[in-house]
Amino acid sequence: KNQNWNPLSPPKTVLTWINGIGHNISHMSSGTTSLSALFGNRPVEFCHNPTAMASEDDTFGYIGDLTQCTTQKLGKITAEVETLAMHLKEAIRKVGKDGRVIHIAHSQGALITYLAIKKLDKDEMRQ
């Protein structure tokens, strides 16, 4: 492997991430800050996967999130999948033909990402 390879070296790079279950919008800023620090304090754009949980100890909301995960595991394209597909397409548009999109997914976000990338064409996937 080329020791000089740097994923942030293309002319234009967009870092993006999606969360897992149980993340409200206020959790997103702390996750974004942590990810930014890992990538040299570069800006990070997030796609929020909303939670059904009203609070940290909301068992019914947690069950709602798990139910959503199950439907996604069965291949259902949910609104969150569509939202992420649009988010990724926009990031790809921003970087242009020679740029790169680095996408990080946590927990359920990986499942949503798996379904969303199926909505990207071959050219979009190259970035």
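This is a short chat about a predicted model of one protein.

Visitor: How many helices and strands are there in the protein?
Guide: The protein has 5 helices and 3 strands. The model is predicted, by the way.

Visitor: What pattern does the protein follow along the sequence?
Guide: Read along the sequence, the pattern is β-α-β-α-α-β-α-α.

Visitor: And what does the C-alpha trace span?
Guide: About 50 × 30 × 25 Å along the principal axes.

Visitor: Let's talk strands. Which way do E1 and E3 pair, parallel or antiparallel?
Guide: E1 and E3 pair in the parallel sense, over 6 bridges. Look at Val14, for instance. Its bridge partner in E3 is Val101.

Visitor: What about E1 and E2?
Guide: E1 also pairs with strand E2, residues 44-47. That pairing is parallel too, over 4 bridges. In E2, Cys47 stands opposite Ile18.

Visitor: Why is E1 largely enclosed by the rest of the structure?
Guide: Count its residues: 6 of the 6 are buried, so E1 is largely enclosed.

Visitor: Which residues point which way from E1?
Guide: Thr13, Leu15 and Trp17 point one way. Val14, Thr16 and Ile18 point the other way. All of them are buried.

Visitor: New topic. How many residues of helix H4 are buried?
Guide: In H4, residues 108-117, 7 of the 10 residues are buried, so the helix is largely enclosed by the rest of the structure. Among the buried ones are Leu111, Ile112, Leu115 and Ala116.

Visitor: What do the buried residues of H4 pack against?
Guide: Two strands and two helices: E1 (13-18), E3 (100-105), H2 (59-73) and H3 (79-95).

Visitor: Which residues touch the most other members in the largest nonpolar core?
Guide: That core has 15 residues. Ile18, Val81, Leu84, Val101, Ile112 and Ala116 touch the most other members. H3 gives the largest share of this core, 7 residues.

Visitor: Zoom in on Ala116. Leaving aside neighbours within four places in sequence, what is Ala116 in contact with?
Guide: Val81, Leu84 and Ala85. Apart from this core lies another one, of 7 residues. Leu15, Leu35, Val44 and Ile102 are among them.

Visitor: Where do nonpolar side chains tend to be in soluble globular proteins?
Guide: They tend to be buried together.

Visitor: Back to the whole protein. What share of the residues count as buried?
Guide: Of the 127 residues, 41% count as buried. The accessible surface comes to about 7,700 Å². Carbon and sulfur atoms hold 56% of that surface.

Visitor: Last one: how many positive and negative side chains?
Guide: There are 14 positive and 12 negative side chains. The centres of the two sets lie 11 Å apart.

Key
Residues numbered from 1 in each chain as written. Predicted model: local features only at pLDDT ≥ 70, side-chain atom pairs only at ≥ 80, totals over all residues. Heavy atoms only, no water. Buried < 20%, exposed > 50% of the residue type's maximum accessible area, 1.4 Å probe, protein only. Areas by Shrake-Rupley, 256 points an atom, 1.4 Å probe, with all protein chains shown as cover. Lys, Arg positive; Asp, Glu negative; His and termini not counted. Charge placed at Lys NZ, Arg CZ, Asp CG, Glu CD. Contact = heavy atoms within 4.5 Å. Core = buried A, V, L, I, M, F, W, Y, C linked by side-chain atoms within 4.5 Å. Pairing = 2+ DSSP bridges.
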